[in-house]
Protein chains: 2
Amino acid sequence: MNTKIRTTAFIMAGGKGERFWPRSRVACPKQFLDILGCGKTMLQLTVERILPLTSMEGIYIATNERYRQLVEQQLPLLPPQNILCEPVGRNTAPCIGLGAEYILKGGEDAVMMVLASDHLIRQVETYRKVMREAVEIAAEEENIVTIGISPNYPETGYGYIRRDMEAPYRSAYRVEEFVEKPNRRTAEAYLRSGEYLWNSGMFVMKASTVQKAMQDYLPEVAEGLGRIGAAIGTDREREVLREAFSAMPSVSIDYGILEKAKNIYALAGAFGWDDVGSWLAMERYKSVDDDNNILVGNVVSADTRNCIVEAKDRLIALVGLDGVVVVDTEDATLIGGKEHIEEVKKLLKLLREKEEGERYL
Amino acid sequence: MNTKIRTTAFIMAGGKGERFWPRSRVACPKQFLDILGCGKTMLQLTVERILPLTSMEGIYIATNERYRQLVEQQLPLLPPQNILCEPVGRNTAPCIGLGAEYILKGGEDAVMMVLASDHLIRQVETYRKVMREAVEIAAEEENIVTIGISPNYPETGYGYIRRDMEAPYRSAYRVEEFVEKPNRRTAEAYLRSGEYLWNSGMFVMKASTVQKAMQDYLPEVAEGLGRIGAAIGTDREREVLREAFSAMPSVSIDYGILEKAKNIYALAGAFGWDDVGSWLAMERYKSVDDDNNILVGNVVSADTRNCIVEAKDRLIALVGLDGVVVVDTEDATLIGGKEHIEEVKKLLKLLREKEEGERYL
């Protein structure tokens with residue numbers, strides 16, 4: 001077992017965070033915001049959580065040029081060369097492949113813990129324990145370790161991972177298949193079976209494993225990555241990166257590699273993972289008042305139940321409401337039914353079409 | 001018949017307009033706002049509507065000192081001495097009595113058309129016709145003419161006037177009694193009977209009739225008014241007004257005089273009267289979109305029905321809402337269920353108790 005291999009965290013922070021609009025904007029999306037009001041942004045929490053398994057030199061942030069300054073401000077101790085800016089968005093496979101190229105160009109192979117920058121984890125110590133084991137398994141051969149979440153209710157909003165319960169390896173099991181978001185009935189069956197985990201989008205593998213998998217399953221991406229890798233450190237780096245990356249297909253790591261690759265293991269994590277998918281997540285983090293409301297900021301209310309209000313200095317006054325979410329910002333206020341609040345993207349589409357609407361994105 | 005008597009309009013414009021908060025504020029209540037977005041304030045519309053029956057010299061505005069400047073700005077042609085400022089609010093009886101004193105002090109009796117400053121009337125010509133007849137009847141003896149509204153549905157939010165259908169006088173009937181807001185069942189019976197009219201709060205009588213009625217039914221008020229009347233035009237006017245008016249009981253003209261006086265007639269008006277009681281009135285004035293929404297100002301919406309939104313420049317974005325009223329202002333946003341929007345006073349009470357809450361009133 002190769003225990004000497006370097007461990008890195010590859011944190012993807014290029015997302016738009018649209019479901020947290022209007023607090024989250026194109027100019028400063030969710031991962032750069034202190035959504036919970038805990039004093040740290042989601043990116044800072046992510047780094048703080050994983051730091052004991054690596055070092056600031058081992059942390060890489062994938063984002064785009066627009067957010068470089070935000071990353072520098074929020075992570076002042078991060079080596080600037082560890083901020084990798086994608087010239088355009090091409091989904092997760094090219095992004096992670098790019099990370100592998102830069103890490104390998106450093107001279108040695110390394111395990112990459114691929115992480116989202118906008119998730120939360122309640123039991124940090126348990127999380128670190130699971131990640132340590134994932135790193136150990138990933139360090140061996142060409143293993144890919146996905147971190148699955150033990151489901152505790154039949155969630156229909158996540159993809160699932162089905163394990164082969166006959167083939168354990170340490171605490172992990174071989175992955176049989178990745179399945180799409182199920183309907184309620186199917187999700188209930190998954191929950192009962194005990195074979196399924198939620199796909200958290202976190203996984204761990206060596207940079208060399210990524211590179212090899214790209215060659216095996218996404219040769220078009222691998223070709224571009226090879227040209228970029230060759231240009232790193234030369235004065236053609238930026239130019240080649242822009243040209244070659246832009247030419248890649250847009251493909252997710254799940255679809256492009258994980259669903260096809262061998263040697264995929266799943267480790268089950270039960271550490272209070274939360275993808276903080278919408279404002280409804282506040283119900284899991286903030287305490288409710290006697291009327292089951294979460295009222296943050298300058299709010300008055302009467303005869304109001306089951307509401308979530310994220311106000312700031314402006315006054316939000318509620319009367320006779322039930323099940324409504326309000327998110328107030330200086331120039332825009334979102335008001336939505338709880339059941340529909342994840343459909344905020346419909347509003348963003350309308351704003352893109354509306355004259356002068358772009359200013360609110 | 002005394003057809004030579006002067007005709008005046010006595011417009012009460014001291015209300016707080018709380019049900020239109022947060023657009024209506026203590027510093028600038030409903031009657032001074034262009035609530036409908038028609039380019040004129042409700043006070044201006046009221047004056048414009050009645051002007052053909054009198055003249056600017058015949059229009060008196062009762063308000064309080066705080067709003068003198070607003071009245072002057074909105075009615076630049078009004079003689080400044082026709083703005084009567086109550087030192088404190090003492091309900092309608094002392095207010096109208098004060099008007100009568102000032103009018104009589106001018107040297108001659110006059111018919112007073114007592115009007116609210118924040119109601120709307122759709123059929124203005126019909127309204128003027130009814131008011132002309134009311135003036136003629138009121139000019140005779142000590143007649144008091146209330147303008148009742150022919151009900152077209154069983155409204156439970158208004159008081160009613162019961163007429164003696166056996167005793168017509170010109171187009172008017174003698175008033176049998178004033179009744180409080182009925183419940184639904186009773187309102188339906190009133191509607192069926194044909195004897196009942198809505199009490200619009202408009203009535204017409206001579207200033208001398210007011211003075212006499214005060215003496216007969218509200219001697220305590222009459223005494224104070226007498227002292228004020230004697231001081232008008234002297235250098236003790238302000239001082240006596242403040243002292244005597246403040247000492248009066250708070251009593252409505254309905255309760256204090258109309259329910260007791262003789263010679264009360266009701267004229268039925270069917271001229272599209274509307275007391276514009278809350279934001280729900282917008283449904284009667286603004287056209288709805290395909291989803292039965294009224295969206296004014298900078299609004300985007302998706303999957304939203306039966307909503308009323310009064311926005312300005314800030315963006316109000318709605319998703320998945322049904323039956324919600326939103327009123328946006330620079331420093332405060334009201335969001336309420338349609339059924340409960342008239343309970344906005346509960347919020348104002350909370351604001352009065354809240355630290356720094358007064359600033360929003």
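Here is a walk through this predicted model, from its two chains down to single residues. Residues are counted from 1 along each chain as its sequence is written, and chains are lettered from A, with ligands numbered from 1, in the order in which they are written. Because the model is predicted, local features need pLDDT of at least 70 and side-chain atom pairs count only at pLDDT 80 or more, while totals for chains, interfaces and linings use all residues.

Let's start with how the two chains sit together. Chain B lands on chain A after a rotation of 180 degrees with 0.0 Å of shift along the axis, at an RMSD of 0.0 Å (a least-squares fit on the C-alpha atoms of residues with pLDDT of at least 70 in both copies). The two copies are thus related as by a two-fold rotation axis.

Where they touch, 32 residues come from chain B and 32 residues from chain A; contact here means that the C-beta atoms of two residues, placed from the backbone, lie within 7 Å. On the chain B side, β13 (299–302), β15 (315–319), β16 (324–328), β17 (332–337) and α11 (344–353) each supply at least two residues. β17(B) gives the most, with six residues. Those names come from DSSP runs numbered from the N terminus, with helices being H or I runs of at least four residues and strands E runs of at least two. By type, the chain B side divides into 19 nonpolar, five polar and eight charged residues. For that split, Ala, Val, Leu, Ile, Met, Phe, Trp, Tyr, Cys and Pro count as nonpolar, Asp, Glu, Lys and Arg as charged, and the others, Gly among them, as polar. Since 100% of the interface residues of chain B are also interface residues in chain A, the copies meet through the same surface.

The strands pair across this contact too: β15 of chain A (residues 315–319) and β17(B) run parallel over five bridges, where pairing takes at least two DSSP bridges between the strands. One of the partnerships puts L315(A) with A332(B).

Now look within chain A. An automatic or database domain assignment sets the bounds, giving domain 1 (6–274) and domain 2 (279–360). Their C-alpha centres lie 30 Å apart. Nine residues of domain 1 and 15 residues of domain 2 make the contact between them. The domain 1 side has four nonpolar, one polar and four charged residues.

For a single residue, try I232(A), in the loop between α7 (219–231) and α8 (237–246) of chain A. Is I232(A) buried or exposed? I232(A) is partly exposed, with 16 other C-beta atoms within 10 Å; 20 or more would make a residue buried and 12 or fewer exposed, using C-beta atoms placed from the backbone. Leaving out residues up to four places away in sequence, I232(A) touches E101(A), Y102(A), K105(A) and E237(A). E101(A) is 131 residues away along the chain, yet the two C-alpha atoms are separated by 8.6 Å.

Back in chain B, helix α1 (residues 42–50) has M42(B), L43(B), L45(B), T46(B), V47(B) and I50(B) buried. These pack against β1 (6–12), β2 (59–64), α2 (68–74), β4 (110–116) and β5 (120–121) of chain B.

Finally, there is a hairpin. β7 (residues 160–169) and β8 (residues 172–179) of chain B pair antiparallel over seven bridges, with P168(B) partnered by Y173(B). Two residues lie between the strands, and R170(B) takes a positive phi near 50 degrees. β7(B) is also joined by three bridges to β9 (residues 196–206) of chain B, again antiparallel, with R162(B) opposite Y196(B).
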